[in-house]
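Have a look at the model below with me. We'll go through its salt bridges, then turn to its nonpolar cores.

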Amino acid sequence: MQTIDGKKLLKGSVVRLEVPDVAKPLYFHLQKAVLQAGMHPMGFLIPSDDETYNFTEQFFTYATKAQREFFPETYTRAAIDQIDGRIRILADTHPNALANVDPKLVMQKAQAGKLAKDLMLGKANEGKLAWSLGVWGTPVAAKAAGLSERAYWQEIINACYLDHDDPVQEWRRIDKTVKKIAKKLNTLKIDSLHVVGPDVDLVVGIGANRAWQSGGGSNVPSYEVFTSPDHRRVNGWIRFNQPLRDRYGNTIRGIELQFKGGVCTKATADENQAALTQLLKTPGGNRLGEFSLTEARLSRITKFMANTVYDENVGGKYGNMHVAIGSAYRDCFQGVNKPTTDKEWDALGYNDSVVHEDIVSTTPRSVTATFDDGSTRVIYKDGAFLI
């Protein structure tokens, strides 16, 4: 192990490992890899929720408002300052850990912890922190996806090219391909995108200072090309045929969003409307922070996996398009005079929020770009880029 998300780390680097206890076998091998690379593991084995011990529900049952809003700022700043790399593993072990918890309380705690997210992303955007995110398959996740545990793990194997003799080499090949697409998009001077299909008629403003990025190994797997749109210039509607399994344990199905002047003016869901409503009520949660496209030819993910890391990279016949409600990626800025304050970022249309929820569509769509000079061109259709 010499790199994390493609960034080379030196011997003596400190790598934070955040692993649920259900994924202890992976923790064992991650620690070994860090040690063999001459780095220092700073490990956290996190207790997992289950039917007997629901730690998350217990917190919200007994915590006072002051406890929900408590944030260990001194500790958090020191911990983030200490690390050079971060590897985080996700594992779903309780299908309804928050079923009995008021979504307002969950958002309250999330908002209190926003500084941790800002500090982590800020250090990463400065090139001082390498990070990677992966998923450990569980029976609960498999059931949520409608798969057997064996079939679920087979999707992970396929998606991560673990059935190849050299998975790392395969990821380098994919990364090179996706970076090439992003580089080409960055030369096109796109002002806006018009997405049209049976489930969408949406105009998304981009802007001159936006860069398109690729996954680059930060998420494993990742095949997407994405940017942070101008949150003020989003108009139209979109319906998502893929469920959203949000980070708070809610599965929301049949989502449809309507936008006017950048604001989501109407949002409906066939299932779990309350959770969707609460996400949108969170400051900045009713605007877009990301626009992304994935080519069908790259992704080996073919099924709903009940986990955003996989679901935002699903392939199929038409690839996928997803947007994220909530925070933008500030590393999508390109140009001079990089903003230094939240007010300056907002003035350029970069949305800010504690939430960032990716919602996915795999139905047919064409994407037409309008360029700075007013000309237009179809840049994506039937699951493939045309550039």
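Asp-118 and Lys-114 sit four residues apart in helix 6 (residues 114-125), so about one helical turn separates them. Keep in mind that this is a predicted model. The two side chains form a salt bridge, with their closest N and O atoms 2.8 Å apart. How accessible are the partners? Asp-118 comes out as partly exposed, at 34% relative accessibility. Lys-114, on the other hand, has a relative accessible area of 11%, and that makes it buried, because the cut-off for buried is under 20%.

Lys-114 has another acidic partner to look at, Asp-352. Here the closest N and O atoms are 3.1 Å apart. Why does this pair tie together parts that are 238 residues apart in sequence? Lys-114 belongs to helix 6, whereas Asp-352 is found in the loop between helix 12 (342-347) and strand 18 (356-361), so the bridge links those two places. Asp-352 is partly exposed, with 31% relative accessibility. So if you click on Lys-114 in the viewer, look for both Asp-118 and Asp-352.

Now move along to Arg-232, which forms a salt bridge with Asp-230. The closest N and O atoms in this pair are 2.8 Å apart. This time the acidic residue is the buried one, since Asp-230 has just 6% relative accessibility. Arg-232 is partly exposed, at a relative accessible area of 37%. There's also a network of salt bridges to find, and it links Arg-16, Glu-18 and Arg-86. Searching the whole structure turns up 19 salt bridges.

That's the charged side of things; next come the nonpolar residues. In soluble globular proteins, nonpolar side chains tend to be buried together. In this model, the largest nonpolar core has 74 residues. The members that touch the most other members are Leu-185, Ile-190, Leu-193, Ile-255, Leu-257, Phe-291 and Tyr-310. Which helix gives this core its largest share? That's helix 9 (residues 167-185), with six residues.

For a closer look, pick Ile-190. Leaving aside residues up to four places away in sequence, Ile-190 touches Leu-185, Ile-206, Gly-207, Trp-212, Ala-369, Thr-370, Phe-371, Asp-372 and Ile-379. There's a second core too, separate from the big one, with 14 residues. Among them are Leu-17, Tyr-27, Val-34 and Ile-87.

Methods:
Residues numbered from 1 in each chain as written. Predicted model: local features only at pLDDT ≥ 70, side-chain atom pairs only at ≥ 80, totals over all residues. Heavy atoms only, no water. Core = buried A, V, L, I, M, F, W, Y, C linked by side-chain atoms within 4.5 Å. Buried < 20%, exposed > 50% of the residue type's maximum accessible area, 1.4 Å probe, protein only. Contact = heavy atoms within 4.5 Å. Salt bridge = Lys/Arg side-chain N within 4 Å of Asp/Glu carboxyl O.
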